[in-house]
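Here is a short briefing on a predicted model. The topics are a pocket, a helix and the cysteines.

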Amino acid sequence: MGRKADWDWERVVPMLGRDGGTGRSPDYAPLHHVRAYWDGLRGADLIPRRRLIEPHGLRDALAHVFLVERIAPGLARFRLAGTHLTQLMGMEVRGMPLSALLDPVSRDGAGVLVEAVFSGPSVVELALESDRGLARPAMQGRMILLPVSDDDGVCNRALGCLVTEGDIGRGPRRFAITRQRTETVRPRAPAPKAKPAPAFAEDARSFAPPAPILFPAPLSPAPRAAAPAPRPPRGKPQLRLVVRNDD
């Protein structure tokens, strides 16, 4: 990940952040948006590549988005972070470990979950709760971690999103993990192949003239017996011999 991409991201984050510093979020829609964006980038790959992630594709959730890099088993540090995380901690979080957002009791368990993201690879979802204190009202949150690979196909990045409910109050605010869910990423089932459309050609046999229908030949009448020759009448013969002696 180049330096230029980091600065491009930093410039877009404050421009598109919409929480106004209140720390309030009407719902957890940014989590669903980030998950849908990540899933859409996968294509035929098991997980998406880092170079495909663009700030403008996450503009509806960008204040809550962050990107972490694996630095050791179970450890990851922030490479990029939206304005909401800066407000929660009261300082810039870039370069800090992801565990800085958690209270000490939850950090060991979080290390196992972070490692599952990279080694699974797995999608991890967390329910979070922050302790109340002086100028620190009750606050709950949700976090999602989505595995991402580098250009060599090594899973060493994670795209994340953190959404909270409640006033931030005095920072830094740290959270305990109250619930968790791990989902191993599975290859997508191949799309069913469409049957090829038939070529625009007809079977030659369909153009052959139909075979003639043979009807039985009509029966010819039986030959009639020849009529017998009429017999000459009895009596005088019909012919007589005439002799002339003129010469």
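The lining of the largest pocket is mixed: six residues are nonpolar, two are polar and five are charged. The volume of this pocket is about 230 Å³. In this predicted model, one helix that contributes to the lining, α2, also has a clear buried side.

**Largest pocket**
- Lining this pocket are 13 residues, of which Leu31, Glu125, Arg142, Met143 and Ile144 are the closest to its centre.
- Two or more lining residues come from each of α2 (29-42), β3 (122-130), β4 (139-149) and β6 (175-184).

**Helix α2**
- Helix α2 counts 14 residues.
- From first C-alpha to last, α2 reaches 20 Å, close to the 20 Å expected at 1.5 Å a residue.
- Buried in α2 are Pro30, Leu31, Val34, Tyr37, Trp38, Leu41 and Arg42.
- Viewed down the axis of α2, these buried residues fall within an arc of 150 degrees, so they line one face of the helix.
- His32, Ala36 and Gly40 are exposed, on the face of α2 turned away from its buried side.
- Leu31 appears in both topics: it is buried in α2 and is among the residues closest to the centre of the largest pocket.

**Cysteines**
- The structure has zero disulfides.
- Cysteine 155 counts as buried because its relative accessibility is 15%, and buried means under 20%.
- Cysteine 161 also counts as buried, because its relative accessibility is 0%.

Conventions:
Residues are numbered from 1 along each chain as its sequence is written. This is a predicted model: local features need pLDDT of at least 70, side-chain atom pairs count only at pLDDT 80 or more; totals for chains, interfaces and linings use all residues. Side-chain values use heavy atoms; hydrogens and water are left out. On a 1 Å grid over the protein atoms alone, a cavity is a set of points where a 1.4 Å probe fits but cannot get out, and a pocket is an open set with protein on both sides within 12 Å along at least five of seven lines; lining residues have an atom within 4 Å of a point. Grid points are joined across faces, edges and corners, and a volume is the space filled by probe spheres set on the points. Helices (H or I, at least four residues) and strands (E, at least two) are DSSP runs, numbered from the N terminus. Ala, Val, Leu, Ile, Met, Phe, Trp, Tyr, Cys and Pro count as nonpolar, Asp, Glu, Lys and Arg as charged, and the others, Gly among them, as polar. A disulfide is a pair of cysteine sulfur atoms within 2.5 Å. Buried means under 20% relative accessible area, exposed over 50%, partly exposed in between (1.4 Å probe, protein chains only). The expected span of a helix is 1.5 Å times one less than its number of residues. The arc is that of the directions from the helix axis to the C-beta atoms.
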